[in-house]
Amino acid sequence: EIDLRKLFKVLFQGKWIIVSVTAFVSIIGVVYSLSLPNIYKSEALLAPVNSASGISGALGNLSGLAGLTGVSLASGSDEDNSLKAIKKLSSLSFFENNILPYIFLPDLMALESWDPETNTLAYDENLYQKNTNTWVRDASYPNTQIPTAQESFRAFIGKHFALTTDNKTGFISLKIKHQSPFIAKQWADLMIKQVNTFYRQKDKVESEKAVSYLNQQITTTSLSEIKESIAELLQQQTKKLTLIEAKQLYVFESIDPPAVMELKSEPGRALICILIALFGGMLSIVLVLIKHYVFKKKVA
């Protein structure tokens, strides 16, 4: 049986150990929390661009007719694009081809601190030498001295990028975290721009191929009914190309665009200090009980 009165007496006798250990661990917690850099989060609220009455609606009615000429016109392509784009944003291929060429790699892989007063970045000299623009880090396989696309992608996905979807509303929340709020906004804007550009170019190339194919078919066929059908398809494909060129926000539009945030999003230093202090208190209590019940018995 546990004698609570005796237990509290033991803890009271070891109060100085409890106070000392808790205070020591708490100081370590304060120092640790202060050593953590401020992280700023730039967040964009996105909505899929709904153009069912435009490109998809116009071509959907002609899908059966297009099949007769060997051209595939899938209805609802914009809706499909938005679903694909959600996965595309988190893919290695998209990061490697559409994001990595447009960002400064040391901002991702060698950043040490950001000075808010001068808006300047400092880099870890053991990784990257800013004066000579060279990487000097020690690396072993599979890493290389200059970070590879895959290593950079892991760092980007693990530390900086987050994407969530609200299943009820369909809204997408794209978040970028960085020590510099300006870079956080820059990367968020870049991702939105690049994913829209990627699917605009993809649909543009497909439509241009369809137009080229239909032009070839209309010159080779002699049947007037088929020529009329192909002409109608050409008209709709031309409309589609016009809409593709006109739409700047092709897949996603920004309900709330990214911004340069003034307040940090993390770390929560107060919470870190409280949790570490609680850990220190529990640790000190365990030490007092071990000292009394274990070492006292051994001495006896």
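In which helix is isoleucine 17 found? Isoleucine 17 is in helix H2, which covers residues 15-35. The close-ups below all come from a predicted model, and we begin with the patch that includes this residue.

**View 1. A nonpolar patch on the surface, about 860 Å² in area.** Nine names are worth finding here: Ile17, Leu271, Ile274, Leu275, Leu278, Phe279, Met282, Leu283 and Leu287. Helix H11, residues 269-299, gives the most to this patch, with eight residues. Ile17 joins them from helix H2. Its relative accessible area is 32%, so isoleucine 17 is classed as partly exposed, and it passes the bar of over 30% that patch members have to meet.

**View 2. A cis peptide bond between tyrosine 141 and proline 142.** Omega is about 10 degrees for this bond. To find the place, look in the loop that runs between strand S5 (134-135) and helix H8 (149-160), where proline 142 lies. Most peptide bonds are trans, which is why a cis bond gets a close-up.

**View 3. A cis peptide bond leading into proline 267.** Here the bond comes from glutamate 266, and omega is near 0 degrees. Proline 267 sits in the loop between strand S8 (252-256) and H11. You have met H11 already, as the helix that gives the most to the nonpolar patch.

**View 4. Asparagine 119, with a positive phi.** The phi angle is near 55 degrees, in a residue other than glycine. Most residues other than glycine have a negative phi. Asparagine 119 belongs to the loop between strand S2 (111-115) and strand S3 (120-123). With 40% relative accessibility, asparagine 119 is partly exposed.

**View 5. Asparagine 133, another residue with positive phi.** Phi is near 55 degrees for asparagine 133. This residue is in the loop that separates strand S4 (128-129) from S5. Is asparagine 133 buried or exposed? Its relative accessible area is 52%, so asparagine 133 counts as exposed, the cut-off being over 50%.

**View 6. Arginine 200 and its contacts.** Arginine 200 is part of helix H9, residues 181-220. At 12% relative accessibility, arginine 200 is buried, because that label applies under 20%. Which residues does arginine 200 contact, leaving aside neighbours within four places in sequence? They are Ile244, Lys247, Gln248, Leu249 and Tyr250.

Key:
Residues numbered from 1 in each chain as written. Predicted model: local features only at pLDDT ≥ 70, side-chain atom pairs only at ≥ 80, totals over all residues. Heavy atoms only, no water. Patch = residues over 30% accessible without salt bridge, like charges linked within 9 Å, V, L, I, M, F, W, Y side chains within 5 Å. Areas by Shrake-Rupley, 256 points an atom, 1.4 Å probe, with all protein chains shown as cover. Salt bridge = Lys/Arg side-chain N within 4 Å of Asp/Glu carboxyl O. Helix = DSSP H or I, 4+ residues; strand = E, 2+ residues; numbered from the N terminus. Buried < 20%, exposed > 50% of the residue type's maximum accessible area, 1.4 Å probe, protein only. Contact = heavy atoms within 4.5 Å.
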